[in-house]
Amino acid sequence: MSHSQAIDGRASFCPEHFEPLFAAEDRHFWFRARNRCIAATARLIPQRNSIKDIIEHGCGTGFVLRELERIFPDARITGADLFAEGLSLARKRFGGTLVRGDLLHCGYREAFDLVGLFDVLEHLDDDLRALQVLREQLRPGGWLLMTVPAHRVLWSDYDVASGHRRRYSRSELMGRLSQAGFEVKFCTEFMFALFPLMLLRRRLSWGRKGTASTVAPSPGNLNDELHVHPLLNRLLEAILRPEPWWIEKGSRMLCGTSLLALATRKA
């Protein structure tokens, strides 16, 4: 695999995953809970009404784009993705601008007040370079809002199926952001209640450890993870409901299966 293939995401994500994602997102507790936490973190931005231009890289099927429209109703929002398969599904949810392209080579410079990057960075070999490019796309004082999977101990076949290169610790993510020229304003783990459940499942079912794999991604593994019994789905969504309230207070959660960060471009 060439370096260019790895950094542009083509080799680290299977476009056939978009259809099962699109079918699951509206009802799946995890995607719904993540959107609520993203919205709560966005509300921590001072003078939020001043944000007029937003781009989400790796927008996929448009599930978060639709939430960004709700959070920032007066902003111009652009969705960008490498895959036409994802953008065709995003069009069913989002009426704004959609662009096909690689975030590393799209040519934007000081064009946006906010960049969104939700569960994308872990797919890229050169995560530092990606963050540096995103910094250049922000206007001075602009904001980066992002999520990534947390904890190497949770590495599993699902990460392989999803094309992940790594899972992050909080200190690793904050260090990368600082290296790239960002000042981290807020960074927390979230999906707190899922951590013991996921750890137990990973240990019993797969037991795969590490930060990368040469095993080819399998859509079957992804479909298994997306299938949740309706009663369990409702229960987990209810358990995760308090997290946005906690985030809006600016309080960190000490454990979780994902990380969420809000950072601003340093002068």
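**Exercise 1. The nonpolar cores**

Task: In this predicted model, identify which residues have the most contacts inside the largest nonpolar core, and state which helix gives that core its largest share.

Solution: The largest nonpolar core has 48 residues, and those with the most contacts inside it are Ile54, Leu68, Phe72, Leu114 and Leu145. Helix α3, which spans residues 29-42, supplies the largest share of this core, namely nine residues. Next, take one of the residues named above and list its partners: leaving out residues up to four places away in sequence, Phe72 touches Ala42, Arg48, Ile51, Ile54, Ile77 and Leu114. Finally, apart from this core lies another one of 28 residues, among them Ile55, Val133, Ala180 and Ala263.

**Exercise 2. A threonine in a strand**

Task: Determine whether Thr78 is buried or exposed, and find which residues Thr78 touches.

Solution: Begin with the secondary structure, where Thr78 is found in strand β2, residues 76-81. Its relative accessibility is 12%, and the cut-off for a buried residue is under 20%, so Thr78 counts as buried. With residues up to four places away in sequence set aside, Thr78 touches Ile54, Ile55, Glu56, Leu65, Thr97 and Val99. Two of these partners have appeared before: Ile54 is among the residues with the most contacts inside the largest core, while Ile55 belongs to the core of 28 residues.

**Exercise 3. The two faces of a helix**

Task: Work out where the buried residues of helix α2 fall when the helix is seen down its axis.

Solution: First collect the buried residues of α2 (residues 18-25), which are Phe18, Leu21, Ala24 and Glu25. Seen down the axis of α2, these residues fall within an arc of 135°, and they therefore line one face of the helix. The face turned away from this buried side carries the exposed residues Glu19 and Ala23.

**Exercise 4. Positive phi angles**

Task: For Asp119 and Met191, give the value of phi, and then establish in which loop Asp119 and Met191 lie.

Solution: As background, most residues other than glycine have a negative phi. Asp119 has a phi near 55°, a positive value in a residue other than glycine, and lies in the loop between β4 (112-118) and α6 (127-137). The relative accessible area of Asp119 is 15%, so this aspartate is buried. Met191 likewise has a positive phi, near 60°, and its place is in the loop between β6 (182-190) and α9 (194-206). With a relative accessible area of 0%, Met191 is also buried.

**Exercise 5. Aromatic pairs**

Task: State how many aromatic pairs the structure holds, and describe the geometry of the pair formed by Tyr108 and Phe112 and of the pair formed by Trp245 and Trp246.

Solution: The structure holds five aromatic pairs. In the pair of Tyr108 and Phe112, the centres are 5.0 Å apart and the planes make an angle of 75°, which is an edge-to-face arrangement. Tyr108 is partly exposed, with a relative accessible area of 28%, whereas Phe112, at 6% relative accessibility, counts as buried. Trp245 and Trp246 form a tilted pair, at 5.8 Å centre to centre and 45° between the planes. Here Trp245 is exposed, with a relative accessible area of 52%, and Trp246, at 33%, counts as partly exposed. Ring pairs also link Trp30, Phe31 and Phe63 into a cluster.

**Exercise 6. A residue of helix α9**

Task: Find which residues Leu199 contacts beyond its neighbours in sequence.

Solution: Leu199 lies in helix α9 and, at 23% relative accessibility, counts as partly exposed. Leaving aside neighbours within four places in sequence, Leu199 is in contact with Val153 and Leu154. A C-alpha separation can be added to this picture: Leu199 and His151, 48 residues apart along the chain, have C-alpha atoms separated by 9.9 Å.

**Exercise 7. The whole chain and its confidence**

Task: Summarise the chain as a whole, and locate where pLDDT stays under 50.

Solution: The protein chain contains twelve helices and seven strands, and of its 267 residues 54% count as buried. Among contacts between residues at least 6 apart in sequence, 80% join residues at least 24 apart. The accessible surface comes to about 11800 Å², of which 53% belongs to carbon and sulfur atoms. As for confidence, the mean pLDDT is 88, and 88% of the residues reach 70 or more. pLDDT stays under 50 over residues 1-10, for which the model has 27 contacts beyond four places in sequence. Over residues 207-218 pLDDT is likewise below 50, and this stretch has 25 contacts in the model beyond near neighbours in sequence.

Notes:
Residues are numbered from 1 along each chain as its sequence is written. This is a predicted model: local features need pLDDT of at least 70, side-chain atom pairs count only at pLDDT 80 or more; totals for chains, interfaces and linings use all residues. Side-chain values use heavy atoms; hydrogens and water are left out. A nonpolar core is a set of buried Ala, Val, Leu, Ile, Met, Phe, Trp, Tyr and Cys residues joined through side-chain atoms within 4.5 Å. Buried means under 20% relative accessible area, exposed over 50%, partly exposed in between (1.4 Å probe, protein chains only). Helices (H or I, at least four residues) and strands (E, at least two) are DSSP runs, numbered from the N terminus. Contact means heavy atoms within 4.5 Å. The arc is that of the directions from the helix axis to the C-beta atoms. Rings of Phe, Tyr and Trp (its six-membered ring) pair if their centres lie within 6.5 Å; planes under 30 degrees apart count as stacked, over 60 as edge-to-face and the rest as tilted. pLDDT is the predictor's confidence in each residue, from 0 to 100. Accessible areas come from the Shrake-Rupley method with a 1.4 Å probe; for residues, only the protein chains shown count as cover.
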